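Me: I should like to learn how the features of a structural model are to be read. Could we take them one at a time, with the general idea before the case?

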Amino acid sequence: MEPRFDLYGNKVTASFVKRMSMAAKVIDDSPLSPVTHELVKIRASQINGCSFCVDMHTKDAAHAGESSVRLHLVAAWHEADVFTEAERAALALTEETTRVADGGKVTDETWQQVRKHYDDDQIAALIAAIAMINAWNRLNAVAHTPAGHYVPGSLG
């Protein structure tokens with residue numbers, strides 16, 4: 001796939017991306033588990049078909065020590081028994097939030113599970129993380145940012 005647009009080569013998008021990266025630091029500094037954060041980014045990226053983001057976040061998670069079994073099963077998390085109840089709640093919230101534009105909604109059942117496993121600061125970070133990765137997915141999907149060459153840690 002050839003890139004349509006260089007997000008970092010244009011002053012407007014480069015400035016925007018820089019500010020998005022700074023905003024993401026709030027999530028990184030939150031009490032949300034880094035493992036859960038990566039799982040959320042992977043699942044939303046899979047749903048949105050953002051190959052660049054799937055490449056980046058699976059590599060970042062592996063680099064941080066995540067097992068290949070769990071990484072390979074994120075797309076099929078509903079049927080997999082390798083995720084904790086808390087991670088499953090976060091993945092359900094990610095899916096439902098990401099699919100809101102398709103006529104979906106966040107169900108009361110999912111919200112109850114999220115409330116059961118996360119405190120207010122973690123929930124705030126989870127909501128922000130889902131919103132942020134969906135925005136990144138859209139930027140990279142529109143620009144056709146190519147996947148396969150990301151090196152963990154190379155973008156900050």
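Reply: Let us begin with accessibility: a residue is buried under 20% relative accessible area, exposed over 50%, and partly exposed in between, with a 1.4 Å probe and protein chains only. Arg 99, at 33% relative accessibility, therefore counts as partly exposed. This is a predicted model, in which local features need pLDDT of at least 70 and side-chain atom pairs count only at pLDDT 80 or more, while totals for chains, interfaces and linings use all residues. Residues are numbered from 1 along each chain as its sequence is written, and side-chain values use heavy atoms, with hydrogens and water left out.

Me: How many salt bridges are there, and by what rule?

Reply: A salt bridge is a side-chain nitrogen of Lys or Arg within 4 Å of a carboxyl oxygen of Asp or Glu. The count by this rule is nine. In one of them, Glu 87 pairs with Arg 70, with the closest N and O atoms 2.8 Å apart. Glu 87 belongs to helix H5 and Arg 70 to helix H4 (residues 68-73), so this pair ties together parts 17 residues apart in sequence. Both Glu 87 and Arg 70 are buried.

Me: Which residue forms a salt bridge with Asp 120?

Reply: The partner is Arg 115, and the closest N and O atoms of the pair are 2.5 Å apart. Asp 120 is exposed, at 52% relative accessible area, whereas Arg 115 is partly exposed at 41%. Elsewhere, salt bridges with shared partners join Arg 43, Glu 95 and Arg 99 into one network. Within it, the closest N and O atoms of Arg 99 and Glu 95 are 3.5 Å apart, and Glu 95 is buried at 9% relative accessibility.

Me: How is a helix such as H7 to be read, and what span does H7 reach?

Reply: Helices are DSSP runs (H or I, at least four residues), as strands are (E, at least two), numbered from the N terminus. The expected span of a helix is 1.5 Å times one less than its number of residues. H7 covers residues 120-143, 24 residues in total, and reaches 35 Å from its first C-alpha to its last, close to the expected 34 Å. Asp 119 caps the N-terminal end of H7, a side-chain oxygen lying 3.1 Å from the backbone nitrogen of Asp 121. Just after H7, His 144 takes a positive phi of about 55°.

Me: What is a nonpolar core, and which helix gives the most to the largest one?

Reply: A nonpolar core is a set of buried Ala, Val, Leu, Ile, Met, Phe, Trp, Tyr and Cys residues joined through side-chain atoms within 4.5 Å. The largest has 29 residues, and Val 114, Tyr 118, Leu 126 and Trp 136 have the most contacts inside it. H7 gives the most to this core, with 10 residues. Apart from it lies another core of 10 residues, including Leu 71 and Trp 77. With contact taken as heavy atoms within 4.5 Å, and residues up to four places away in sequence not counted, Leu 126 touches residues including Leu 32, Val 40 and Leu 93.

Me: Why are Cys 50 and Cys 53 in no disulfide?

Reply: A disulfide is a covalent bond between the sulfur atoms of two cysteines; the criterion is a pair of cysteine sulfur atoms within 2.5 Å. The count by this rule is zero. The sulfur of Cys 53 is 3.1 Å from the closest cysteine sulfur, in Cys 50, and that is too far for a bond. Cys 50 is buried at 2% relative accessibility, and Cys 53 is buried with a relative accessible area of 2%.

Note on methods. Polar contact = N/O pair within 3.5 Å; in protein donor to acceptor, adjacent residues only side chain to side chain.
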